[in-house]
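Welcome, and please load the model in your viewer. We will go from stop to stop, selecting one thing at a time.

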Amino acid sequence: MSKVESQIEAEIPGLRRYARALSGDVAQADDLVQDCLERALSRLALWRRDGNLRAWLFTILRNVWIDELRRRKVRPEQYGMDDAMEGAAAAPNQHDRLAVRDLVAALALLVPEQRETVLLVGLEGMTYAEVAGVTGVPVGTVMSRLKRGRDRLALLMHGGESAIRRVK
Amino acid sequence: MSGPLHDDDLLSYVDGALDPARVDEVDAWLAANPRDAERVRQWREQVDGLHRLFDPVLDEAVPDRLSVAAVKAGRGRSWLAPLLRIAAMLLLVLAGGAGGWWLRGGAGEGKAAPGAVVAAEALSAHVVFAAEIRHPVEVGAGERAHLIAWLSKRLGTDLKVPDLSAAGFSLVGGRLLPAASGPAAQFMYENGDGRRVTLYLRRNTDGTETAFRFAALGRVEAFYWLDGPLGYALAGDVDRERLMEMAKAVYHQLES
């Protein structure tokens, strides 16, 4: 295995985590990762060695996911989102099972652009600029999606008690 | 303090992206503004929750099919994939048939704009096959001469495959598709990030010519035109101006 291939291999658990959070379904998430790996390995010749490999892989995974979302709109749903989210949580053993379930359900209700932004920043710890690169929008858009996504999550999880204040 | 804080400052504060010199300022603001303090608390709680929920995935055993070696060996996925592809094909035919109807919108009542059916078919075909990983095309770019000869024969006219490398897209290959009016062809291109655009061609049955027109299906957009024996549509989820530039490049290359 080449050096860059081992580097890709090392990113697989991280890609699985992100795909799981994004899609909310174990099998679908792994399909996304497999598709991402296939696209990445077939485009490896185009990969600039000095670039950010992780950001490149996440960009590909993201494009695979967007294509898949679109395709599911064209054909009948394979499964409802509720069922899909059912298996999303990786067996929470904490006492806060309920709160965690709320977060999973709320996440599924975000529009895709907000969900991916909330996850890339909060879960993957990417900088706003890295997220801008992965999602192909300006940093300002990333921040506004992040804010809306987080406020919407709070609203979904805490209802009216959430303090949402608009600042121009 | 210089006035109310911007929401961006609160985001940066939570994500550790705030200039350290300003942390005190935000702390003071939050102490005086319980609503924002609560908001920040909830945002942090979300980040913690995401990690609690999904970090355990990092420790799971990775399924065999997801190793670099397995993917390179091209081990198949489930038996479901071919069935889904057939289902997608059927939907494509239906979408193509309905296309004239759902693209009519802007043109008001009356007939669909010339070429609208081409655009509808192209957009449907793009949506179906751009998502395809293992079989995005029937004949790959490696067999370019065969691909062109085959599709030219089926469409009954000499086809050319435009070069979009100036825009960063290289040919993946092509496929034959069933259009309402007979056979159609799709060429697929991909850039380094795995983004895809497709060029759709089919017979221009009544010889109408049109200027560039624009159509969209969700976020997939297409420029289409009728010219001589063929109708063309370039579809993709890329910046509209970039797509326009690529469509122009296609047009000029097919002209010459």
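Which strands of chain B does helix 7 of chain B lie across? Select residues 116-130 of chain B and look: this helix lies across strand 2 (170-179), strand 3, strand 4, strand 5, strand 6 (220-227) and strand 7 of chain B. Relative to strand 4 of chain B, helix 7 runs at about 140°. Keep in mind on the way that this is a predicted model.

**The sheet**

Now select the strands of chain B. Seven strands form an open sheet here, in the order 1-2-3-4-7-6-5, with antiparallel pairing. Strand 1 (139-140) and strand 5 (213-217) of chain B stand at the edges with a single partner strand each, so one side of each has no neighbour in the sheet.

**Strand 4 and its partners**

Next, colour residues 196-203 of chain B, which make up strand 4. Seven of its eight residues are buried, so strand 4 of chain B is largely enclosed by the rest of the structure.

Add strand 3 (residues 182-190) of chain B, which pairs with strand 4 of chain B in the antiparallel sense over seven bridges. Find Glu190(B): its bridge partner in strand 4 of chain B is Arg196(B). These two strands form a hairpin with five residues between them. Within that turn, click on Gly194(B), which has a positive phi of about 80°.

Then add strand 7 (residues 230-236) of chain B, joined to strand 4 of chain B by seven bridges and running antiparallel to it. Two pairs are good to label: Arg202(B) stands opposite Gly231(B), and Thr198(B) stands opposite Ala235(B).

**The cores**

Move over to chain A and show Tyr18(A), Val33(A), Cys36(A), Leu57(A) and Leu61(A). These residues have the most contacts inside the largest nonpolar core, which has 51 residues. Helix 3 (residues 53-74) of chain A gives the most to this core, with eight residues. Apart from this core lies another, of 49 residues, among them Ala116(B), Val117(B), Leu164(B) and Ala222(B).

**Where the chains touch**

For the last stop, show both chains together. How many residues does each chain bring to the contact? Chain B brings 50 residues and chain A brings 59 residues. On the side of chain B that touches chain A, helix 3 of chain B gives the most, with 14 residues. By class, that side of chain B has 26 nonpolar, ten polar and 14 charged residues.

Note on methods
Residues numbered from 1 in each chain as written. Chains lettered and ligands numbered in written order. Predicted model: local features only at pLDDT ≥ 70, side-chain atom pairs only at ≥ 80, totals over all residues. Buried ≥ 20, exposed ≤ 12 C-beta atoms within 10 Å, placed from the backbone. Helix = DSSP H or I, 4+ residues; strand = E, 2+ residues; numbered from the N terminus. Pairing = 2+ DSSP bridges. Contact = placed C-beta atoms within 7 Å. Axes fitted to C-alpha atoms, helices over the stretch in contact; angles between N-to-C directions. Core = buried A, V, L, I, M, F, W, Y, C linked by C-beta atoms within 7 Å. Nonpolar A, V, L, I, M, F, W, Y, C, P; charged D, E, K, R; others polar.
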